[in-house]
Amino acid sequence: MKIKIAPSILSADFSCLSAELKKVQAAGADLIHVDVMDGHFVPNITIGPLVVKYISSATSLPLDVHLMIENPAKYFLEFVNAGSDMITVHIETVSLKELATIAKVLKKRKVKLGISLNPATPIAKIKKALPLVDFVLVMSVNPGFSGQVFIRGALSKIRQLRAIFKKDIAVDGGINNITAKQVKNAGANVLAAGSYIFGAKNTKQAIDSLR
Ligand code: DX5
Ligand code: ZN
């Protein structure tokens, strides 16, 4: 499977976001990972649909929007209308019935659906959701902030998941040149990375080293 790199703009300089987006696009990024946080599901507050709309007008790369919010069933459509190409919701925040409704709407809008799970949530919890989604996003840090240390328990989860799930498996949190290799060997093929990419002196070198 081809490895896709998704720079997380949470680590970008928001005073020149457009330039930051162009920088990672020129360096070979495949997707732009956008972290939406509500101060309820996670202890941090970031951006909403308005900013996603401007991000979508500033890049031609697909927007991979990671909703770390309570009640995504209420808000996801606003993010679709803002230009999201992929929407990830957390299993901790939706019922299976809500997820089925979200999946139906996204299919009509040609937007991909991902399900994510926190480090403390076992794979068993997402099993019933798998037929409804296009990809899984395995969290390898507790969501809320970039720059945290990779939680190794994610590796066995990825292996467990790869045995039963043939579509894209993404990993998010603490990805660098060393952990990238480990998650790839475990079976992941999409890497979201914030501080490693935006903190690098040479962006292309950083992206190439992850790939
Ligand atoms: C964490 C976010 C991640 C984060 C990744 O809650 O979902 O996408 O920005 O940042 P790094 O790669 O620095 O761990
Ligand atoms: Zn994320």
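In the predicted model, residue V138 has V171 of strand β7 as its bridge partner. This pair belongs to a parallel arrangement in which strand β6 (residues 135-139) and β7 are joined over 5 bridges. Between these two strands, the chain passes through helix α5 (residues 153-162), and the resulting β-α-β crossover from β6 to β7 is right-handed.

On β7, V171 also stands opposite L191, a residue of strand β8. Strands β7 and β8 (residues 190-193) run parallel and are connected by 3 bridges. The path from β7 to β8 leads through helix α6 (residues 177-186), and this β-α-β crossover is likewise described as right-handed. Strand β7 (residues 168-172) is largely enclosed by the rest of the structure, because 4 of its 5 residues are buried.

A further position considered here is L67, which is located in strand β3 (residues 63-68). Residue L67 counts as buried because its relative accessibility is 0%, where the cut-off for a buried residue is under 20%. When neighbours within four places in sequence are left aside, the contacts of L67 comprise V36, P72, F76, F79, I87, T88, V89 and H90. With respect to T93, the C-alpha to C-alpha separation from L67 is 9.8 Å in space, while the two residues are 26 residues apart in sequence.

Technical notes. Residues are numbered from 1 along each chain as its sequence is written. Chains are lettered from A and ligands numbered from 1 in the order in which they are written. This is a predicted model: local features need pLDDT of at least 70, side-chain atom pairs count only at pLDDT 80 or more; totals for chains, interfaces and linings use all residues. Side-chain values use heavy atoms; hydrogens and water are left out. Buried means under 20% relative accessible area, exposed over 50%, partly exposed in between (1.4 Å probe, protein chains only). Contact means heavy atoms within 4.5 Å. Two strands pair if DSSP finds at least two bridges between them. A crossover is right-handed if, with the strands pointing away from the viewer, the path from the first strand over the helix to the second runs clockwise.
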